[in-house]
Amino acid sequence: MTKNILVVPGDGIGQEVTAVGKKVLDKIAAKFGHTFTYDEALIGHVAIEATGNPLPDETLAKMKKSDAILFGAVGHPKYDNDPTAKVRPEQGLLKMRKELGLYANLRPIKLFDELLSASSIKPEVLKGADILFFRELTGDIYFGEKGRKNNGDTAFDIAEYSRYEVERIARKAFEAARTRRKKLCSVDKANVLETSRLWREVVQKIAPEYPNVQVEHQFVDAAAMILIKDPRRFDVVVTANLFGDILTDEASQIAGSMGMLASASVGDGTGVYEPIHGSAHDITGKGIANPLASILSAALLLDISFGMKAESEAVISAVDQVLKAGFRTGDIADAQTPKDKILGTDAMGEEVLKRI
Ligand code: IPM
Ligand code: MG
């Protein structure tokens, strides 16, 4: 197959890890006889520096034309500490999601057995945990009206969902549950929020169309607790944008480290594949970032956007073998890890490439 991939590294460690993810795609192309062509584009802080715009028109045009997007991260501490900044790197990310219609954010939380001891949760609670989150990505409090009133002394962000928006993400989650352990947990705050009551109503209404899927509803506070207490209870979880943002950071600890988790954002057009971790400016440029989330994002890209199952499996299996061989980046190493097995970003990438 011939495919055109847009590489959008963004900010901070996004640059370092995405370079490794791209090498993995290259290796797959060579191994399986595909032709992947690449283009690059700016987003986030680097785009603001170059053009004044966190999502330049040129980037958006390239995104719409490409077959898939390998994405890094956006963000810069300079804006985090300046609540008055009018232009922010994250605006680029949010606009991309909206413009590309990326309403479904899939975040698989899967623990490689070798990393059981890397998590701060007890191994016996964790072993076998395997959760697929469907986070709604283009609605909710993220995209509703926001502003200030009373001379700026009062601020508001409106959370809004339409039936249609809930139904399309819920259907994706039901369909995924059908191919997995056939359990779907819908997470909301229907005891307080009107958007959540609509959410629950819609999920309940379409549930009978998926008779083999067992549905449960949880309030978000309880779900946050169960995630740590008994993560194996969950199979597929579907939830709103803000709840999904928070719960998936929490759930990343089930997989040992944020540095292990990949995500896919899909919807109406080109799919975007990115680590769930951020730009991590504290470790940027040190060459120690874990590239496995970007590598696993490349695996999701191959599977979901290109339908290349064997290719995707080859990547995941290579990561598994590298972990079995004892190699670790700093974030997933523990006291037992020998010093010579702790690798930097590029060396970790090389170990994966060797095994593809
Ligand atoms: C994520 C991130 C983003 C979000 C930020 C960077 C805007 O935390 O993708 O989870 O909140 O969606
Ligand atoms: Mg987040």
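Buried means under 20% relative accessible area, and exposed means over 50%. The exercises below concern a predicted model.

**Exercise 1. Describe the chain as a whole.**

Step 1. Begin with the elements: the chain has 13 helices and 12 strands.

Step 2. Next, take the dimensions. The C-alpha trace spans about 55 × 50 × 45 Å along its principal axes. For 356 residues, a compact globule would have a radius of gyration near 21 Å, and the 20 Å of the chain agrees with that.

Step 3. Then consider burial and contacts. Of the 356 residues, 53% count as buried. Among contacts with a separation of 6 or more, 75% come from residues 24 or more positions apart.

**Exercise 2. State how the chain is divided, and what each part gives to the contact.**

Step 1. The division is into domain 1 (1–112 + 258–356) and domain 2 (120–254).

Step 2. The contact takes 19 residues from domain 1 and 22 residues from domain 2.

Step 3. The centres of domain 1 and domain 2, taken over C-alpha atoms, are separated by 24 Å.

**Exercise 3. Which way do the residues of strand β11 point, and are they buried or exposed?**

Step 1. Strand β11 covers residues 262–266. In a regular strand, side chains alternate between the two faces of the sheet.

Step 2. A262, A264 and V266 point one way from β11, while S263 and S265 point the other way.

Step 3. All of these residues are buried. With 5 of its 5 residues buried, β11 is therefore largely enclosed by the rest of the structure.

**Exercise 4. Find the strands joined to β11.**

Step 1. Strand β4 (residues 104–110) is joined to β11 by 3 bridges, and the two run antiparallel. In this pair, A104 stands opposite V266.

Step 2. Strand β12 (residues 271–275) is joined to β11 by 4 bridges, again in the antiparallel sense. Here S265 stands opposite V272.

Step 3. β11 and β12 form a hairpin, with 4 residues between them.

**Exercise 5. Describe the hairpin of β6 and β7, and the phi angles in its turn.**

Step 1. Strand β6 (residues 146–149) and strand β7 (residues 154–157) pair in the antiparallel sense over 4 bridges. R148 stands opposite A155 in β7.

Step 2. The hairpin has 4 residues between its strands, and N150 in the turn has a positive phi of about 50 degrees.

Step 3. N151 is in the loop between β6 and β7. N151 is not a glycine, yet its phi is positive, about 55 degrees. Most residues other than glycine have a negative phi.

Step 4. The relative accessibility of N151 is 81%, so N151 counts as exposed.

**Exercise 6. Is D140 buried or exposed?**

Step 1. D140 is placed in the loop between β5 (130–136) and β6.

Step 2. Although D140 is not a glycine, it has a positive phi of about 75 degrees.

Step 3. The relative accessibility of D140 is 8%, so D140 counts as buried.

**Exercise 7. Follow helix α11 into the largest nonpolar core.**

Step 1. Helix α11 (residues 292–305) has 14 residues and reaches 19 Å from its first C-alpha to its last, close to the expected 20 Å. G307 follows α11 and has a positive phi near 65 degrees.

Step 2. The helix is mostly covered, with 11 of its 14 residues buried. Among them are L292, I295, L296 and L300.

Step 3. The largest nonpolar core has 88 residues, and those with the most contacts inside it are F134, I254, L292, L323 and V352. With 8 residues, α11 gives the most to this core. Domain 1 and domain 2 both give residues to this core, so it lies between them.

Step 4. Leaving out residues up to four places away in sequence, L292 touches G259, M260, V319, L323, I332, M348 and V352. Apart from the largest core lies another core, of 15 residues, among them I43, I69, M96 and L102.

**Exercise 8. Where is H277 found, and which residues is H277 in contact with?**

Step 1. H277 is found in the loop between β12 and α11.

Step 2. With a relative accessible area of 8%, H277 is buried.

Step 3. Leaving aside neighbours within four places in sequence, H277 is in contact with I13, V17, A73, M258, G259, N290 and A293.

How values were computed:
Residues are numbered from 1 along each chain as its sequence is written. Chains are lettered from A and ligands numbered from 1 in the order in which they are written. This is a predicted model: local features need pLDDT of at least 70, side-chain atom pairs count only at pLDDT 80 or more; totals for chains, interfaces and linings use all residues. Side-chain values use heavy atoms; hydrogens and water are left out. Two strands pair if DSSP finds at least two bridges between them. Buried means under 20% relative accessible area, exposed over 50%, partly exposed in between (1.4 Å probe, protein chains only). The expected span of a helix is 1.5 Å times one less than its number of residues. A nonpolar core is a set of buried Ala, Val, Leu, Ile, Met, Phe, Trp, Tyr and Cys residues joined through side-chain atoms within 4.5 Å. Domain bounds come from an automatic or database domain assignment. Contact means heavy atoms within 4.5 Å. The radius of gyration is taken over C-alpha atoms; the globule rule is 2.2 Å times the number of residues to the power 0.38.
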